[in-house]
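Student: Hey, I've never looked at this one before. Can you walk me through it?

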Amino acid sequence: MKRPTHTLSDPERFKIGLFGANCSSGLTMTTVPERWIPDGDNTLALAQVADAGGIDFLLPIARWRGYGGRTDPNGYSFETLAWATGILAVTRRITVFATVHVSLVHPVLAAKQMATADQFGHGRLGLNIVCGWNPEEFAMFGGNQRPESERYAQGREWITVVRQLWRSQDLVDFEGKYYTIRGARCTPRLYQGTEPILMNAGRSAEGRQFAVEVVDCLFTSVRNPDDAKALVADIRGRARALGREVDVYTTGYVVCRPTRREAEEYLHYYAVENRDEEAMAQRGRLRNEDAESLAAWAAGHHGWPLIGTPDDVAQGLAQIASTGIAGVALGLVNYLNELPYFCQEVLPRLQRLGIR
Ligand SMILES: Cc1cc2nc3c(=O)[nH]c(=O)nc-3n(C[C@H](O)[C@H](O)[C@H](O)COP(=O)(O)O)c2cc1C
């Protein structure tokens, strides 16, 4: 199938996206009053600022419940396929991902929803596949949880069915371990027949192997240049051995201010003085995380910290790019308030540094 030309298709460009703007508190666990609370209006406004400002992609988090505590981070979140469709309709160039839990959305439904969204966006939809789950979220759907070892096996069947529906002119039959499908079809077709860019969010060895064999990019968190270089070499090397090109994307969080001191003070204000300790404790119980890991989560979901002046943030992004990572999905405390300054000050510096 033809591959689309989109904001993520230039291998020389270091791609910049926003992560988690469909969820309350985004990537933070903070009680500050300006924390991000999405609604229809600020979401569409943010999408348009990002689209006009030169941001390459928007990537949502698929969540069904929040972390509790005082502010219930991520407790209010837009369903990502509906969110992407609305955003695609009001933007012109940006790639907009949906994040789909394979085990919660039947592939026949997902294929059609994605084709619908893709029509509204003239081929700019991307798909982030999530094969894992949070047990308490899965319980909301009847808890038909499969053993961990089977997650990616189901993911492979799921994407096989979705691709057959997108590609086939005929009715699709499929007989697998997880899906039995008779006489299925997907109309509408994808826009101009081009397939969305596919990403897999995961950390485990199985998740990496799934990315190497099945999708276009692995989305994972890494915060150290040596680890990032080794990861990129491993993923690209194994993919190339199969004749495939697979990129690695990661996450980061930004506090960008005219002076480094202002940026550091703001980080301390939202992520230390005003962090939501109860939500952190709740996450700690669910994930067995230690205090250091929880603090990194409260500041920005274990992402790469990009804190300082526009020069500092641009240098930090250039450092990520120098590891071979293809792009980064960023969090901001209040996406809409903070994005214009980032676009104005940081993006031109990235051009001058030669990574865009
Ligand atoms: C960068 C990144 C983003 C993720 N985004 C989501 C998400 O939006 N929703 C979700 O339920 N899980 C998300 N996950 C969790 C993974 O999909 C997966 O459940 C978890 O990493 C365990 O799978 P693994 O063993 O392959 O790492 C994300 C993980 C990573 C590393």
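Tutor: Sure, naming first: helices (H or I, at least four residues) and strands (E, at least two) are DSSP runs, numbered from the N terminus. With those names, His-302 is found in the loop between α10 (291-300) and β10 (304-308). Keep in mind that this is a predicted model, where local features need pLDDT of at least 70 and side-chain atom pairs count only at pLDDT 80 or more, while totals for chains, interfaces and linings use all residues. Residues are numbered from 1 along each chain as its sequence is written.

Student: OK, so what's up with the phi of His-302?

Tutor: The phi of His-302 is positive, near 65°, in a residue other than glycine.

Student: Is His-302 buried or partly exposed?

Tutor: Partly exposed, with 19 other C-beta atoms within 10 Å. The cut-offs: a residue is buried with 20 or more other C-beta atoms within 10 Å of its own, exposed with 12 or fewer, and partly exposed in between, with C-beta atoms placed from the backbone.

Student: Which other non-glycine residue has a positive phi, of about 50°?

Tutor: His-122 does. His-122 sits in the loop between α3 and β4, and it is partly exposed, with 16 other C-beta atoms within 10 Å.

Student: Zooming out, how many helices and strands does the protein have?

Tutor: Twelve helices and eleven strands. The radius of gyration is 20 Å, close to the 21 Å that the globule rule gives for 356 residues, so the protein is as compact as a globular protein of that length. That radius is taken over C-alpha atoms, and the rule is 2.2 Å times the number of residues to the power 0.38. Also, 47% of the 356 residues count as buried.

Student: Let's do a helix. Which residues of α5 are buried?

Tutor: Among them are Trp-158, Ile-159, Val-162 and Trp-166. The buried residues of α5 pack against α3 (107-120), β4 (125-130), β5 (172-175), β6 (180-184) and α6 (205-214). Contact here means that C-beta atoms, placed from the backbone, lie within 7 Å.

Student: And where is the kink in α12?

Tutor: It is centred on Phe-342 and comes to about 40°. The bend at a residue is the angle between axes fitted to the seven residues ending there and the seven starting there. Phe-342 is also buried, as are Tyr-335, Leu-339, Val-346 and Leu-350 of α12.

Student: Those numbers go up in threes and fours... why would that be?

Tutor: An α-helix has 3.6 residues a turn, so residues three or four places apart point the same way.

Student: Nice. What covers the buried residues of α12?

Tutor: The cover includes β1 (15-19), α1 (40-53), β9 (247-256) and α11 (310-322). After α12 comes Gly-354, with a positive phi near 80°.

Student: Any odd peptide bonds?

Tutor: A cis one joins Thr-187 and Pro-188, with omega about 10°. Pro-188 lies in the loop between β6 and β7 (197-201).

Student: Last thing: how many residues surround the ligand?

Tutor: There are 17, and the closest are Gly-132, Gly-202, Arg-203, Ser-204 and Gly-207. A residue is near a molecule if its C-beta atom, placed from the backbone, lies within 6 Å of it. The shell divides into six nonpolar, nine polar and two charged residues. Here Ala, Val, Leu, Ile, Met, Phe, Trp, Tyr, Cys and Pro count as nonpolar, Asp, Glu, Lys and Arg as charged, and the others, Gly among them, as polar.

Note on methods: Contact = placed C-beta atoms within 7 Å.
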